[in-house]
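Subject: Structure handover

Hello,

I am passing on the structure we spoke about. Please open it alongside this message.

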Amino acid sequence: MTAPVIPPSPTREEYADQYTAALAANGDETIFQRSEPVGLFVEWLEDAKRYEPNDANAMALATVDASGDPDARMVLLKDVDGRGFTFYSNRESAKGEALAAHPAAGLLFHWKSLRRQVRVRGRIEPVSAAEADAYFASRARESRIGAWASDQSRPLESREALELAVARETARFEGQDVPRPERWTGWRVIPRTVEFWRDRPFRLHDRLLFTRDGEGWRTSRLQP
């Protein structure tokens, strides 16, 4: 191997060369004047939609299972409002079982092109059946069929077995709408804390923490 697998820390010259655009994007001090996190998050997500090559709404979801072991995986944010951050999946999946055992989660959004990230921590609540129905109905037909065909997180004999299950469910719903399986649902993370992080040269990053305080929020800056 002629080069190290892990890249070295940037030199002073590399910081000067690479961080000009990041400084332009992350130099706005008005973020530290915000009174609540959701509006700021939406602004950052809109920025990410313009610059990220794909899935600006992708987030790492961290959970703890019944045995106390942590786990994390990438999922897609599907709604955000004053109530919280919403995503959907199979309640019988590994993540669904972990959320049932410990109804709390952490989220991490990392927008590498913008050198920004947002961390969310809070309790979990299931969405209503009406919300789950509405989002499921908005998905492509093939994705809805896939939700019936896949026993998510369970062992799979082969790719062919999955394709046969898809074919079976496709035939079963031929000529009719594909309803939501009862096991397919959504969850909302009700944030207790939301931290905004943006990259600055020489690891002297900006960190803004929102902590829920009754019906409102209090803010503080954190050391990098």
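Below is what was found in it, starting with the cores and ending with single residues.

Please keep in mind that this is a predicted model.

Nonpolar cores

In soluble globular proteins, nonpolar side chains tend to be buried together. Here the largest nonpolar core holds 31 residues. Those that touch the most other members are Phe41, Phe87, Phe109, Trp111, Val118 and Phe196. At least two residues of this core come from each of α3 (37–51), β1 (58–64), β4 (84–90), β5 (104–111), β6 (116–126), β7 (184–198) and β8 (206–213). Helix α3 supplies the largest share, six residues.

Phe109 is a useful place to start looking. Not counting residues up to four places away in sequence, Phe109 touches Phe41, Asn57, Ala58, Met59, Leu77, Phe85, Arg116, Gln117, Val118 and Val120. Another core, of ten residues, lies apart from the largest one. Among its members are Val127, Tyr135, Ala147 and Phe173.

The largest pocket

The volume of the largest pocket is about 370 Å³. It is lined by 17 residues, and the closest to its centre are Tyr88, Ser89, Arg139, Gln152 and Trp184. Two or more lining residues come from each of β2 (70–76), β4 and α6. Strand β4 gives the most to this lining, with four residues. Sorted by class, the lining has eight nonpolar, six polar and three charged residues.

Arg144

Arg144 is placed in helix α6, which covers residues 141–149. Is Arg144 buried or exposed? Its relative accessible area is 10%, which is under 20%, so Arg144 counts as buried. The side chain of Arg144 reaches the backbone oxygen of Arg139 at 3.2 Å. Arg139 also appears above, as one of the residues closest to the centre of the largest pocket. With neighbours within four places in sequence left aside, Arg144 is in contact with Phe136, Ala137, Arg139, Asp177 and Val178.

Strand β8 and the loop after it

Two residues of strand β8 were looked at, beginning with Arg207. Which side chain does the side chain of Arg207 join in a polar contact of 2.6 Å? The partner is Glu195. Leaving aside neighbours within four places in sequence, the contacts of Arg207 are Phe32, Arg119, Glu195, Phe196, Trp197, Ser220, Arg221, Leu222, Gln223 and Pro224. Phe196 in this list is also one of the core residues that touch the most other members.

Leu209 is found in strand β8 as well. With a relative accessible area of 17%, Leu209 is buried, because that value is under 20%. Under the same exclusion of sequence neighbours within four places, Leu209 is in contact with Thr193, Val194, Glu195, Arg218, Thr219, Ser220 and Leu222. Glu195 is therefore listed for Leu209 and also for Arg207. Leu209 and Val118 are 91 residues apart along the chain, and their C-alpha atoms are separated by 9.7 Å.

Glu215 belongs to the loop between β8 and β9 (216–221). Glu215 is exposed, because its relative accessible area of 81% is over 50%. From Glu215 to His110 the distance is 28 Å, C-alpha to C-alpha, with their places 105 residues apart in sequence.

Regards

Terms used: Residues numbered from 1 in each chain as written. Predicted model: local features only at pLDDT ≥ 70, side-chain atom pairs only at ≥ 80, totals over all residues. Heavy atoms only, no water. Buried < 20%, exposed > 50% of the residue type's maximum accessible area, 1.4 Å probe, protein only. Polar contact = N/O pair within 3.5 Å; in protein donor to acceptor, adjacent residues only side chain to side chain. Contact = heavy atoms within 4.5 Å. Core = buried A, V, L, I, M, F, W, Y, C linked by side-chain atoms within 4.5 Å. 1 Å grid on protein atoms, 1.4 Å probe; cavity = no way out; pocket = protein on both sides within 12 Å on 5 of 7 lines; lining within 4 Å. Points joined across faces, edges and corners; volume = space filled by probe spheres on them. Nonpolar A, V, L, I, M, F, W, Y, C, P; charged D, E, K, R; others polar.
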